[in-house]
Amino acid sequence: MSKTPGIDSSIGRLAILPGTFDPITNGHVDILERSRLLFERVIVAVATNLKKTPLFSLDERLRLVRESVAHLEGVSIQSFDGLLVDYARHVGGVAIVRGLRAISDFEYELQMALMNRRMTEQVETVFMMPSEEYSFLTSTIIKEIAALGGPLTGLVPMPVEQALRKRFRNRMGP
Ligand code: ADP
């Protein structure tokens with residue numbers, strides 16, 4: 001098991017919460033908090049190799065995650081590329097946590113989970129449902145609302161709201 005900065009790698013079981021986090025929303029934070037009830041340690045793993053060009057650079061996405069989860073113990077943040085199962089094994093993770101918002105998420109998530117299991121039996125996929133108030137929330141919708149100057153309060157952590165406001169300065173308030 002390799003050492004992970006910020007958390008004691010000798011304590012308890014480790015889960016990985018992978019994603020694009022472009023940007024992190026309160027839905028992600030909700031899943032992360034729930035993950036911590038099951039796992040002593042969680043790494044938020046921010047994907048670097050993306051099919052789509054993200055709004056925020058990798059460094060910005062990492063910073064926004066770091067600032068948004070600073071209140072949580074046992075959580076660290078890393079970037080990763082390549083196969084998720086390879087990364088999970090490399091850091092000693094026993095589980096990949098994914099959030100399920102609706103049935104529409106399920107088909108793709110099931111495919112990924114079964115494909116990952118085919119590649120390794122050492123890492124289990126765990127699905128978690130967010131609080132109802134976040135079950136409609138996606139990073140894509142957040143970016144659309146932000147671009148159109150709509151309200152983001154209660155949907156994203158404050159650092160994300162500020163970053164979006166700055167990015168779409170012309171259309172949102174001061
Ligand atoms: P990806 O590109 O891998 O889907 P995301 O950053 O969009 O990355 O999502 C990462 C994880 O967080 C996924 O498991 C996704 O289903 C979950 N997630 C995203 N938004 C929410 C939400 N509002 N509620 C619960 N889970 C969510």
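Here a visitor and a guide talk through the ligand site and the pocket of a predicted model.

Visitor: Which residues come nearest to the ligand?

Guide: There are 13 residues around the ligand, and Thr-20, Phe-21, Gly-99, Tyr-134 and Leu-137 come nearest. To be counted, a residue needs a heavy atom within 4 Å of the ligand.

Visitor: What makes the approach of Thr-20 to an oxygen atom of the ligand a polar contact?

Guide: The cut-off is 3.5 Å between N or O atoms. A polar side-chain atom of Thr-20 lies 2.6 Å from an oxygen atom of the ligand, so this pair is within the cut-off and counts as a polar contact.

Visitor: Which backbone atoms pass that test, and how far are they from the ligand?

Guide: Phe-21 has a backbone N or O atom 2.9 Å from an oxygen atom of the ligand. For Leu-137, a backbone N or O atom lies 2.8 Å from a nitrogen atom of the ligand. Both distances are within 3.5 Å, so both pairs are polar contacts. As for cover, the ligand taken alone exposes 540 Å², and the protein buries 84% of that.

Visitor: Where does the ligand sit?

Guide: The ligand sits in the largest pocket. That wording applies because more than half of its atoms lie within 2 Å of the pocket's grid points.

Visitor: Which elements build the shell around the ligand?

Guide: Two or more residues each come from β1 (14-19), α1 (26-38) and β4 (95-99). The largest share, three residues, comes from α1. By class, the shell has six nonpolar, five polar and two charged residues.

Visitor: How much space lies in the largest pocket, and which residues are closest to its centre?

Guide: The largest pocket holds about 1500 Å³ of space. It is lined by 46 residues, and the closest to its centre are Gly-19, Thr-20, Arg-98, Tyr-108 and Glu-109. The elements giving two or more residues to this lining are β1, α1, β4, α4 (103-119), β5 (124-128) and α5 (139-147). Here α4 provides the largest share, nine residues. The lining divides into 23 nonpolar, 15 polar and eight charged residues.

Visitor: What stands out about the backbone in the loop between β1 and α1?

Guide: Phe-21 is found in that loop, and Phe-21 has a positive phi of about 55 degrees although it is not a glycine. Pro-23 lies in the loop between β1 and α1 as well. The peptide bond from Asp-22 to Pro-23 is cis, with omega near -5 degrees.

Notes: Residues are numbered from 1 along each chain as its sequence is written. This is a predicted model: local features need pLDDT of at least 70, side-chain atom pairs count only at pLDDT 80 or more; totals for chains, interfaces and linings use all residues. Side-chain values use heavy atoms; hydrogens and water are left out. A polar contact is a pair of N or O atoms within 3.5 Å; within protein, one must be able to donate a hydrogen and the other to accept it, and residues adjacent in sequence count only if both atoms are side-chain atoms. Accessible areas come from the Shrake-Rupley method with a 1.4 Å probe; for residues, only the protein chains shown count as cover. On a 1 Å grid over the protein atoms alone, a cavity is a set of points where a 1.4 Å probe fits but cannot get out, and a pocket is an open set with protein on both sides within 12 Å along at least five of seven lines; lining residues have an atom within 4 Å of a point. Helices (H or I, at least four residues) and strands (E, at least two) are DSSP runs, numbered from the N terminus. Ala, Val, Leu, Ile, Met, Phe, Trp, Tyr, Cys and Pro count as nonpolar, Asp, Glu, Lys and Arg as charged, and the others, Gly among them, as polar. Grid points are joined across faces, edges and corners, and a volume is the space filled by probe spheres set on the points.
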